Amino acid sequence: MSTQNFLLDLAKKCFTAGIIGLAISDNIASFMAVRGSSMSPTLNPHSNSSTGFALDDYVLVQKQNFEDYKVRDVVVFRSPSKYKEKNVRRIAGLPGDSINLPSHDTVTVPHGHCFVIGDNSACSLDSRSSGLIPLGLLCGCVTHIIWPPQRIGEVNSRTNTTLPAVQVHASE
């Protein structure tokens with residue numbers, strides 16, 4: 001009888017912890033592995049290493065309201081074409097911003113969208129090739145690298161990463 005009570009108590013605690021973890025993951029923050037070199041050197045700086053061994057960065061993703069995002073924030077968003085796929089890029093433009101690209105015309109970001117780019121433009125599929133991202137697909141802002149141990153720290157959204165010229169038009 002004692003073993004049954006112990007197992008029932010353990011099951012209740014595990015269920016409660018799972019519900020609390022799910023609530024935190026959905027509403028406050030979550031963890032995510034970042035694969036690929038599109039955000040190098042900010043994330044996965046050694047993904048093109050000659051050794052063939054690359055260690056993915058694991059990051060903390062903080063949930064935010066749409067109005068809290070800023071240009072240069074590193075964000076996670078769901079792919080517009082493959083909803084289960086999540087991507088990580090840097091915001092280069094928000095609604096009302098004009099993006100001047102060397103190889104394209106000026107793009108004005110419409111209401112409800114953002115323009116995202118990868119830090120490693122040579123191998124990044126971003127808004128320059130795939131188009132604008134609806135704000136509703138943003139999952140959160142990457143705030144910290146939590147793994148590997150030698151890279152633990154805050155993700156600096158104000159890095160010297162080259163972005164296309166962004167001109168913000170004041171709203172009237």
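**Exercise 1. Locate D56 in this predicted model and identify its contacts.**

*Solution.* D56 is placed in the loop between strand 1 and strand 2. Its side chain and that of R35 are joined by a polar contact of 3.0 Å. With neighbours within four places in sequence left aside, the residues in contact with D56 are V34, R35, N44, W147 and P148.

**Exercise 2. Determine which residues have the most contacts inside the largest nonpolar core, and which strands supply it.**

*Solution.* Begin with the core itself: it has 13 residues, and those with the most contacts inside it are L43, V59, V74, V76, V88 and V142. Next, consider the strands. At least two residues of this core come from each of strand 1 (29-34), strand 2 (57-62), strand 3 (74-78) and strand 9 (138-147). Strand 9 gives the largest share, three residues.

Then examine V59. Not counting residues up to four places away in sequence, V59 touches S30, F31, M32, V34, L43, V142, H144, I145 and I146. Finally, a second core, separate from this one, has 12 residues, including V75, I91, I133 and C141.

**Exercise 3. State which residues make the nonpolar surface patch, and classify Y58 by its accessibility.**

*Solution.* The patch covers about 500 Å² and is made by F31, L55, Y58, I146 and W147. Of these residues, Y58 lies in strand 2. The relative accessibility of Y58 is 32%. Buried means under 20% and exposed means over 50%, so Y58 counts as partly exposed.

**Exercise 4. Describe the loop residues D68 and S79 in terms of position and accessibility.**

*Solution.* Take D68 to begin with. D68 lies in the loop between strand 2 and strand 3, and its relative accessibility of 39% makes it partly exposed. D68 and C141 are 73 residues apart in sequence, while their C-alpha atoms are 9.6 Å apart in space.

Now take S79. The loop between strand 3 and strand 4 (86-93) holds S79. At 6% relative accessibility, S79 counts as buried. Not counting residues up to four places away in sequence, S79 touches E85, N87 and L137.

**Exercise 5. Give the number of salt bridges in the whole structure, and analyse those of K13, R151 and R128.**

*Solution.* A search of the whole structure finds five salt bridges.

1. K13 and D9 form one of them through their side chains, with an N to O distance of 3.4 Å. The two residues are four apart in helix 1 (residues 2-27), and therefore about one helical turn separates them. K13 is exposed, with 52% relative accessibility, whereas D9, at 36%, is partly exposed.

2. R151 forms a salt bridge with D57, and their closest N and O atoms are 2.8 Å apart. Because R151 lies in the loop between strand 9 and strand 10 (153-154) and D57 in strand 2, the pair ties together parts that are 94 residues apart in sequence. D57 has a relative accessible area of 0% and is buried.

3. R128 forms a salt bridge with D126, with 2.6 Å between the closest N and O atoms. R128 is partly exposed at 29% relative accessibility, whereas D126, at 3%, counts as buried.

Definitions and conventions. Residues numbered from 1 in each chain as written. Predicted model: local features only at pLDDT ≥ 70, side-chain atom pairs only at ≥ 80, totals over all residues. Heavy atoms only, no water. Core = buried A, V, L, I, M, F, W, Y, C linked by side-chain atoms within 4.5 Å. Buried < 20%, exposed > 50% of the residue type's maximum accessible area, 1.4 Å probe, protein only. Contact = heavy atoms within 4.5 Å. Patch = residues over 30% accessible without salt bridge, like charges linked within 9 Å, V, L, I, M, F, W, Y side chains within 5 Å. Areas by Shrake-Rupley, 256 points an atom, 1.4 Å probe, with all protein chains shown as cover. Salt bridge = Lys/Arg side-chain N within 4 Å of Asp/Glu carboxyl O. Polar contact = N/O pair within 3.5 Å; in protein donor to acceptor, adjacent residues only side chain to side chain.
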